[in-house]
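Please go through the following model from its overall layout to the contacts between its helices. The text begins with a term that is needed later on.

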Amino acid sequence: MPPYALQLGIALALAGLTWLVSYPWAIGGGRHVDALDAFLLVFALVNLRLAWTAANAANGGRAPAWFVLLGLGAAALIATGMIGALTPR
């Protein structure tokens with residue numbers, strides 16, 4: 001297993017963890033955002049970025065196709081989760 005696969009796994013785990021945990025934060029007017037999800041998704045995004053950089057560095061500037069597909073899927077999960085977490089309810 002390449003070393004950057006662990007970072008990609010951590011990013012996916014953090015993005016998946018947001019479906020299980022939440023911490024509503026009142027922003028006024030009876031509206032809430034999910035502060036814990038946003039916090040976890042920032043760390044997921046950092047791990048994804050580190051993994052992407054490592055995958056490109058290890059393979060001469062081109063990440064493997066499986067990594068690109070999983071990385072784009074993780075980025076979509078992170079973006080969807082962040083929109084959901086920061087949309088006032």
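A residue counts as buried when its relative accessible area is under 20%, as exposed when that area is over 50%, and as partly exposed in between. The model described here is predicted. Asp37 has a relative accessible area of 9% and is therefore buried. This residue belongs to helix H2, and a later paragraph returns to its surroundings.

The protein chain contains three helices and two strands, and their order along the sequence is α-β-β-α-α. Along the principal axes, the C-alpha atoms occupy a box of roughly 50 × 15 × 15 Å. The chain has 89 residues, of which 29% count as buried. Among contacts with a separation of 6 or more, 64% join residues that are 24 or more positions apart.

Helix H1 covers residues 3-17, 15 residues in total. From its first C-alpha to its last H1 reaches 22 Å, close to the expected 21 Å. Its buried residues are Tyr4, Ala5, Leu8, Ala11, Leu14 and Ala15. Helix H2 (35-58) and helix H3 (65-86) are included in what covers them.

Helix H2 has 24 residues and spans 35 Å between its first and last C-alpha atoms, close to the 34 Å expected at 1.5 Å a residue. In H2 the buried residues are Asp37, Ala38, Leu40, Leu41, Ala44, Asn47, Leu48, Ala51 and Ala55. These residues pack against H1, H3 and strand S2 (31-34). After H2 comes Gly60, with a positive phi near 65 degrees.

The helix pairs can now be taken in turn. Two packed helices are described by the angle between their axes and the distance between the axes. For H1 and H2, the axes come within 8 Å and cross at roughly 160 degrees. Angles over 145 degrees count as roughly antiparallel, so H1 and H2 are roughly antiparallel to each other. Their crossing is left-handed. On the H1 side, the contact is made by Tyr4, Gln7, Leu8, Ile10, Ala11, Leu14, Ala15 and Leu17. Residues of H2 that they meet include Leu40, Leu41, Phe43, Ala44, Asn47 and Leu48, and also Leu50, Ala51, Ala54, Ala55 and Ala58. By class, the contact of H1 with H2 has 17 nonpolar residues, two polar and no charged.

H2 and H3 pack at an angle of about 160 degrees, and their axes are 10 Å apart. H2 and H3 are therefore roughly antiparallel to each other, and their crossing is left-handed. H2 contributes Asp37, Ala38, Leu41, Val42, Ala44, Leu45, Leu48, Ala51, Trp52 and Ala55 to this contact. H3 contributes Phe67, Val68, Gly71, Leu72, Ala74, Ala75, Ile78, Gly81, Met82, Ala85 and Leu86. The residues of the contact of H2 with H3 are 18 nonpolar, two polar and one charged.

What is the arrangement of H1 and H3, roughly parallel or roughly antiparallel? Their axes are 9 Å apart and make an angle of about 25 degrees. Angles under 35 degrees count as roughly parallel, and H1 and H3 are therefore roughly parallel to each other. H1 passes H3 in a left-handed crossing. Tyr4, Ala5, Leu8, Leu12 and Ala15 of H1 make this contact with Trp66, Phe67, Leu70, Gly71, Ala74, Leu77 and Ile78 of H3. In the contact of H1 with H3, 11 residues are nonpolar, one is polar and none is charged.

Which residues surround Asp37, leaving aside those up to four places away in sequence? Asp37 touches Thr18, Val21, Ser22 and Ala85. Asp37 is also listed among the H2 residues that meet H3. Two further positions can be related to Asp37 by C-alpha distance. Thr80 is 43 residues from Asp37 in sequence and 11 Å from Asp37 in space. Gly84 and Asp37 are 47 residues apart along the chain, and 9.0 Å separates their C-alpha atoms. Gly84 is located in helix H3. With a relative accessibility of 28%, Gly84 counts as partly exposed, whereas Asp37, at 9%, is buried.

Definitions and conventions: Residues numbered from 1 in each chain as written. Predicted model: local features only at pLDDT ≥ 70, side-chain atom pairs only at ≥ 80, totals over all residues. Heavy atoms only, no water. Helix = DSSP H or I, 4+ residues; strand = E, 2+ residues; numbered from the N terminus. Expected span 1.5 Å × (residues − 1). Buried < 20%, exposed > 50% of the residue type's maximum accessible area, 1.4 Å probe, protein only. Contact = heavy atoms within 4.5 Å. Axes fitted to C-alpha atoms, helices over the stretch in contact; angles between N-to-C directions. Parallel < 35°, antiparallel > 145°, perpendicular 65-115°, else oblique. Left-handed = near helix turned anticlockwise from the far one by under 90°. Nonpolar A, V, L, I, M, F, W, Y, C, P; charged D, E, K, R; others polar.
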